[in-house]
Amino acid sequence: VQIAYLSYPGTVLVTFGGEEVTSSVHPSSNKKASLVIFNTRAGLLGAIPVVIKPKKCQDPCADQVQFAFESLDATVPELLAPPSGMAKQQPKLPKITLEKFPAEGTYSSLLVTMVASDKTELACTVQPVDRMGDLTQLDVLTPAALVEGGYSVRISVTDSGGLKTVSIESFVVYDGLAAKVVSYGPAMVPTVASAGGRLLQLQSRVSATMANFPQDLSLSSVVATLGADNVRVLQVTDLVKCSAVAIDCNRTRVTLLAPALASPGDKTFSVSAPGMSTPLTFAITFEPPCDFQALCAAKSQLVNYRRLLDAPTIACDPAYCIKAADISAPEILRVSPTEGFVVGGTLVTLQVAGLPAFSAADIKVVAGEGVTKAFGEVVSLTQEPGSSLTSSKGELILRTPAVDALSELVEFTVSTKVDSESRSAKFFFDYLPALSGLTTLFMQVSPASMYETTESDTVSLALSLGSVPRLARPFVLSDIMVKVGAGAYLAVSKITSSDRVSTTVNVEATTTLPAGTLSISAYSVSRGVATASVHTVTVDASPAPSVVGAYPSDGSTDLAHTIAVTVQYVPPAFKLSDLTSAQLVASQKGKYPVEILSVENKNTKCKHTYCSLFEVKVRAPALNTTDNGGGAARFSAHNAAGAMFSWNFTYVASGKPEVLGFSPKWQKVVADAAEAAATEQTVTIFLRNFPRAGCTGTCKAEAERRSTRVRFTRGATPVDVTPSSITETAGMLSIHVVAPARGVSGDETLTVRAVADGDNALVETGGFAFAYVAPPRSVSPVDGSVAGGTLVTVKAYGIDAIPAQSDVLVSINDGTTETVLSSANVLAVTDNTQAGLVAEMTLSLSMPAVASAGVFTCRVKLVGASTEHLITDFLFEYFIAPVVSKLEQGDATVTGQTAATDGASTALRISNFPAIASGADVAVTFASVASPVLAYVNFKGGVWLQVRVPPAVDLAPGVVALTVQFTGAEPVPRGGVAGDTYVRAPKVASV
C-alpha cells in the first residue's frame, strides 16, 4: 500500500481484522510517500478492515489510515462465459459452464432457481452434470411457468465447506417467435449543415437487424416512417432464414435512408411489413454536426462537402477537410457532337473527369471571350457513383449559344467553384456556316487509274468531294449521288467522313472497263443535280505476267528442290496445261529441264488479269558436278507463245558437317556404384553433311568406315565413345551413343569425329554442351525441436571434392531476411565416393537451439578454401517440443481405478501438440502398456485428452512414465513434393 506523507523514517503497525500482522516499509520509501508491505490473515471472508499507523502512535492515532480489503472465498464456483438470456419456448436453459465446481460425490445438494423481478422463484430441474477436465457444465430444464421478463439465475451447491452460491444477473427471457429489433445503428446521426456557402442536406444510412421478421419480402412491401413521413427503404436482406416455428432464428437487416432534418432530438422510426400487427420501432438521435467550416479553416483547408454528403458524421473529423491543392482539376475526355450551326441550340454531351461539381447549378459554361463571349445553358450533370472532390467521372450536357455568323472553331470554358476555389476545363466546338453558289469539286479520286476488264464486275472508288455541305451523323448514303460511266445516278455505298472542307465517300458500280478513260459525276442532294461536276479516270491495259516470289529461294547444288512460285497478271483461267515447259540455267551455264508439278489459283474471287494470283510448283533436279560450285540460276516457264515468266534461284555449294541437334541434353550423376549402368542414357545426335557434304545414300557407310567416335571432354582428358548405332535418312545422320557414367556434376563438351580416309581429311564437328546433373540432396529428419540437439543426416551427390570437416560451415538463416541466426555443429563429413563413380558427401549435424519455431534455410558452405562458396542448402523446420501442462488424475490403483467420474480414466492437457483428427493420431503408453484415447478436444496450440488407465504391469505398484506421441500424418514440408516420404522428428510429451 502506498501512503502519502506517512511518518518516515520509522516502523509501522498494521492490523488486519483487528489483529496485528507482519509488515515492513520498503527501502524505496521517502517522506512524501511510503510503500508499506503486509501479510493478510487466512480464514476471513468479506470486507476486512485494515489499519496502518506509525508504531509509536498511541490510540486514538491521528496519523493512521484505514481501508477495507475484500477477502474472497477461493472455493466458490465461478461462471465461465455465462449466458445472457433465452427464448421462453426453449426446452432448456443455455448450458452453464463453471470452474471450481465440487467434484462428483463431494456435494450434498445442487439447486438452480430463476428469480423474477417481483421476487417470484421458479425451481429448475438439473440433469446430470457433464465434466471435461476441470470444467463443469449444467443442463437445466426450462420451468413450465416461465414467462417473459428479467431474471436472476441462482446456482446453489452445498459441500463440506457449506452453501456456495453464484448468480447470473439480468438474465432476459423473451418470446422467441415475436418480431423484435435486435440491433440498430448508428445511434446518432447529424442534422443538416452548412459549409462554403452551401446548405448540406445530410442523409445518413441507418440499419436495423430484426429477429423473426417476415421473410422473402420485396423492397416495396416494407414500409418505414418517421412521424407522418415515409422514409426511403434502401435494402432488405434476409441474413438467416429458418422455418416459421424455429425459435428466435430468422434475422433480417433493413437499411433506411434517414431524412435530412434541421431540428435535433430523438426521432422514432417505425418499420412494418405484411403479416405484422404492430410496427417495430427504434429511436435515433439527430445531433447538430461539427462546425466543419471553422474546423477546416483552422487548418487552412476547405470543407469536403461531397464526402460529408456521402458519409454524414457528427464528429469533428479532420478527414472531412481538404486541401485546396487536392481538389481535382477537370478534364474533358470526349465531346459529342463537336460541331453545330452558328444559330446555337446544339445539345453537346461532355464526358468529364475530375470535375468537382455535383449539381448543374454549380457549373457555368462560356463560349469565346471578351466582348464576343456568349453563355451556354447547362442542361444536366450526372456523376458516376464514388465520385468525389478529388476524383470523379461523369456526363455533362449543355446547349450551345448563338454566335457571330463568321465564327468557326470557338473555345468553350466549363467552370465551377468549391468555396473560394475555382476549377475549369476547355474544349473546342466547330460552328458551321451555310454553303451556296458553288459546284461540286473532285478533290481526290482513288484509285487515280485502273486496269481494263473484259467481264462485268464491281468497280470500287473513293471520292473526296469539296463544295458540299458538311453531313450530319449518322450519315445518310442518299445525301450524295454519283454516276459511273454511262450509268444512272445512284446513292454512294459508304460515307467515311464529312467536315467543313470535304466529304469522303465510297462508290461501287457494276460495269466493264475497256482501256481508255472512265467518267464520274457527283453532287450533293441538298444542293441539287445542277451542282454536279465530272471527273475522268485513266483505264490502263493489263500488265505482263511477273513473279511475286519463290520459296525456297536458295538450296544446295547436290539436292533436288521443289519450288513454289507465286505469279501475278496471268489470265484468270490459267491452268497447268497452258505451260509447255520450264528450264533452269545454272551460273556455269549448264541447262536443266524443270518438272512442272501443279498450278493453283490463290485468288479465286478474281475475274481479271490485273488481280490474278497463282502458285506454280516446279521440281528442279540436283546439279551436275560441273555446276556444284553454286551461284545464281535463272528459271523460266514457257507456254505455246514462248517464255511466259521467269525468276532467280541461288544454289549453295555443299556445306560443312553440322550438328542440327541432340537429345537428351543431360544425365544424372551416379548416386550408387551398383546402379551406375542404370544412369547411362543413349544420346541421339542429328548431323548434316557428315562425314562430308554430298554423301547422300553413302553417309552412314562412310561414317562407319572412317571410325566415327563421339568425344566427351571435361578438363584435359577427353574420352572417345564408339556409337552404338548410326542411321541415315535423306542424307542426314542420326548417331546414337551411350553417355558414360559420371560421379561429378557439370558440363562436358561433345564433338563428333571421323578419321582421314583417302582424299578426305579428318573431320570434327563443333562442340556442344552435355550436362551431368546431381540428384536432389536428402535430409533426415526434416524438423526438430527449438531446444536444439536434433541429429540430422544430409546426403549430397556430385561434389567435385569432398571437403574436410573443419572446412564446412552450416549456417542457420532466417527464411525471410536471410539473416544468419546460428550455425549447426558439424559432427562428421563422410566421403562415400565409390569406385571413382560416386561423389557422395554425408554430413552428420547437431542442430542448434533457436529462439522461435519456423522454417529456416540452412546453407552448407566451404570456408577453408581461399574463396568461400556454397556446396548445397536445405530447409529445416523448428517446432516447440510438446509438454504435459496438466494431469487431472496423477495416481491410480494397480488395477487401473482412478478418482475420475468413470473410475478408470485420466485427463491431461498437452501444449505445443499438433491438432489431431481422431484418437488414432495419438499413441498413449503407461510404461510399456498402450492405452486407448476415450475423448479429445483440440485447442489453439495443443489438445486435451481423456485416456483409459490400464492395470499396472504384473499389478506392481510404483511410478511409471505416461507417454503421448503424435502418430498422425503431418503436411508436406515447405519445398517438399507431394507424394514423397519425409522423415520427421517425433512429437512426444511425457509425465
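1. I begin with a proline: Pro337 lies in the loop that runs between β29 (331–336) and β30 (339–341), and the peptide bond leading into this residue from Ser336 is cis, with omega near -5 degrees. The model is a predicted one, and the points below should be read with that in mind.

2. A second cis bond is found from Gly185 to Pro186, where omega is near 0 degrees. Pro186, too, is found in a loop, in this case the one between β17 (180–185) and β18 (188–190). Such bonds deserve a look in the viewer, because most peptide bonds are trans.

3. Two residues call for a check of their backbone angles, because most residues other than glycine have a negative phi. Tyr5, although it is not a glycine, has a positive phi of about 60 degrees; its place is in the loop between β1 (2–4) and β2 (12–16), and with a relative accessible area of 65% Tyr5 is exposed. Ser467 likewise has a positive phi, near 60 degrees, and is a residue other than glycine; it lies in the loop between β39 (457–466) and β40.

4. As to the overall build, the protein chain has four helices and 81 strands. Its C-alpha atoms fill a box of roughly 145 × 100 × 65 Å, taken along the principal axes. The radius of gyration of the chain is 50 Å, whereas a compact globule of 991 residues would have a value near 30 Å. Of the 991 residues, 39% count as buried, and of the contacts with a separation of 6 or more, 63% are accounted for by residues 24 or more positions apart.

5. Strand β40 (residues 480–484) contains Val484, which is buried, because its relative accessible area of 13% falls under the 20% limit. Leaving aside neighbours within four places in sequence, Val484 is in contact with Leu461, Val507, Ala509, Leu518 and Ser519. By way of contrast, the C-alpha atoms of Val484 and Lys589, which are 105 residues apart along the chain, are separated by 54 Å.

6. Leu381 belongs to strand β33 (residues 374–383) and is buried at a relative accessible area of 14%. The C-alpha atom of Leu381 is separated by 5.4 Å from that of Ala360, which is 21 residues away along the chain. Ala360 is also one of the residues in contact with Leu381 once neighbours within four places in sequence are left aside, the others being Leu355, Ala357, Phe358, Ser359, Ile363, Glu395 and Leu396.

7. Thr255, in strand β24 (residues 251–257), counts as buried at 3% relative accessibility. Beyond its neighbours within four places in sequence, Thr255 is in contact with Arg205, Val206 and Ser207, and also with Arg232, Val233, Leu234 and Gln235.

8. The count of salt bridges comes to 32. In one of them, Arg742 pairs with Glu748, the closest N and O atoms being 2.5 Å apart, and both Arg742 and Glu748 are buried. A reviewer may wish to inspect this pair by eye. Elsewhere, salt bridges link Asp783, Glu877, Glu970, Arg984 and Lys987 in a network.

9. Two further salt bridges join residues that are partly exposed. Lys575 forms one with Asp578, with the closest N and O atoms 3.4 Å apart; the relative accessible area is 45% for Lys575 and 28% for Asp578, and each value counts as partly exposed because it falls between the 20% and 50% limits. Glu600 forms the other with Lys602, where the closest N and O atoms are 3.5 Å apart. Here Glu600 is partly exposed at 40% relative accessibility, and Lys602 is partly exposed at 45%.

10. Finally, the interior space: the structure holds one cavity of 30 Å³ or more, and about 50 Å³ of space lies in the largest cavity. The residues that line the largest cavity are Ala195, Gly196, Arg198, Val303, Tyr305, Val418 and Asp419. By class, this lining has four nonpolar, one polar and two charged residues; the polar one is Gly196, because Gly is counted among the polar residues, and the charged ones are Arg198 and Asp419.

How values were computed. Residues are numbered from 1 along each chain as its sequence is written. This is a predicted model: local features need pLDDT of at least 70, side-chain atom pairs count only at pLDDT 80 or more; totals for chains, interfaces and linings use all residues. Side-chain values use heavy atoms; hydrogens and water are left out. On a 1 Å grid over the protein atoms alone, a cavity is a set of points where a 1.4 Å probe fits but cannot get out, and a pocket is an open set with protein on both sides within 12 Å along at least five of seven lines; lining residues have an atom within 4 Å of a point. Grid points are joined across faces, edges and corners, and a volume is the space filled by probe spheres set on the points. A salt bridge is a side-chain nitrogen of Lys or Arg within 4 Å of a carboxyl oxygen of Asp or Glu. Buried means under 20% relative accessible area, exposed over 50%, partly exposed in between (1.4 Å probe, protein chains only). Helices (H or I, at least four residues) and strands (E, at least two) are DSSP runs, numbered from the N terminus. The radius of gyration is taken over C-alpha atoms; the globule rule is 2.2 Å times the number of residues to the power 0.38. Contact means heavy atoms within 4.5 Å.
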